[in-house]
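Notebook open. I want the overall build of this chain first, then one helix pair in detail.

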Amino acid sequence: MSDHRFLDLAGLLDTGDLLVVNETRVRAARLVGQRRETGGRVELLLLERGVDGLWDALARPARRLRPGVIVDFGELTGVIASGPEEGRVRVEFDTDDPEVAIAAIGSVPLPPYFIGDLDDPDRYQTMFATDPGSAAAPTAGLHFTKEVMERLSDKGIPTARVDLHVSLDTFRPIAVEQVEDHEMHSEWCSVPEVTSQAIEDCRSRAGRVIAVGTTVVRTLESMADGSGGVMAGDRRTDLFLRPGSRFTVVDGLITNFHLPGSTLLVLLAGFMGGRWREAYETALARGYRFLSFGDAMYALRDDS
């Protein structure tokens, strides 16, 4: 266990290693509106759009949002199509291009433990963010800056990209007694052909694949080809990585410190083996900060 500034990252990696990041962007997914019939306040957190055009959303308050209820969000109108079920509804918007309307009237949903507002909402976007699709940021990427990337480039460490649309199910606490009984809901992920080739090239030069965040680990291991590489393409994944899971693609992981009882911590335990406890005890003893705007750790895969 050793302590470093994040600017030291290039010194912890080897020339020829490959850094893989998640390029997803957090959607302005928090909408606040009023029920047309009663004027009651409604807050939606949009999770994703289904192939049928309907949006899955967390609603507050949810119990009064029955099918057919109309909610006005400024110039955007939504009609509840189904629900509520466990605080979720499905909603249809009256526009052919809801992404544009949502971006105009919505706000970026910050973690519930964050008090106040960000002066610049882009502080909750990584420097790799491109197309919107997530309800939360892949927070390991928040540590990266232009200077960090320049140091990595100078050392001969290239970067590749994947895309996983982060849903709240990633952060949903484990509520069952046995970890293996937890149901992992699916998220959309994608690996471009250029990234598949970059990983193949990394293997040919005996480099290591370093994932920036647990979302990258899930994406790469979901698309694993069984021989250390990945297949290009996109799919939905409900892969639940935990102790006993086989990791065949990712050799190293950069990740923030996560809460007990989360699937993120369970993934880390599967990746690091028993050393995860020592790592967290060290982090607590040395005053490291947890969660989205906290510190990060760099861990290697346990192959014992």
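My entries below go from the whole chain to a single helix contact.

Entry 1, the model. I am working with a predicted model. I looked up the secondary structure and found 7 helices and 15 strands in the chain.

Entry 2, overall size. I checked the radius of gyration against the globule rule. The chain has 20 Å, and a compact globule of 304 residues would have a value near 19 Å, so the two agree. I also looked up the box filled by the C-alpha atoms. Along the principal axes it is roughly 65 × 40 × 40 Å.

Entry 3, burial and surface. I asked what share of the 304 residues is buried. Buried residues make up 48% of them. The chain exposes about 15000 Å². Carbon and sulfur atoms supply 48% of that area.

Entry 4, contacts along the sequence. I took the contacts with a separation of 6 or more. Residues 24 or more positions apart account for 69% of these.

Entry 5, a helix pair. Two packed helices are described by the angle and the distance between their axes. I picked α6, residues 263-272, and α7, residues 275-285. Their axes come within 8 Å and cross at roughly 120°. That angle lies outside the 65 to 115 degrees of a roughly perpendicular pair and is not over 145, so α6 is oblique to α7.

Entry 6, the residues between them. Which residues of α6 meet α7? I found L265, L268, A269 and M272 on the α6 side. From α7 they meet R275, W276, A279 and Y280. I sorted the residues of this contact by class: 7 are nonpolar, 1 is charged and none is polar.

Notes
Residues numbered from 1 in each chain as written. Predicted model: local features only at pLDDT ≥ 70, side-chain atom pairs only at ≥ 80, totals over all residues. Heavy atoms only, no water. Axes fitted to C-alpha atoms, helices over the stretch in contact; angles between N-to-C directions. Helix = DSSP H or I, 4+ residues; strand = E, 2+ residues; numbered from the N terminus. Parallel < 35°, antiparallel > 145°, perpendicular 65-115°, else oblique. Contact = heavy atoms within 4.5 Å. Nonpolar A, V, L, I, M, F, W, Y, C, P; charged D, E, K, R; others polar. Rg over C-alpha atoms; globule rule 2.2 N^0.38 Å. Buried < 20%, exposed > 50% of the residue type's maximum accessible area, 1.4 Å probe, protein only. Areas by Shrake-Rupley, 256 points an atom, 1.4 Å probe, with all protein chains shown as cover.
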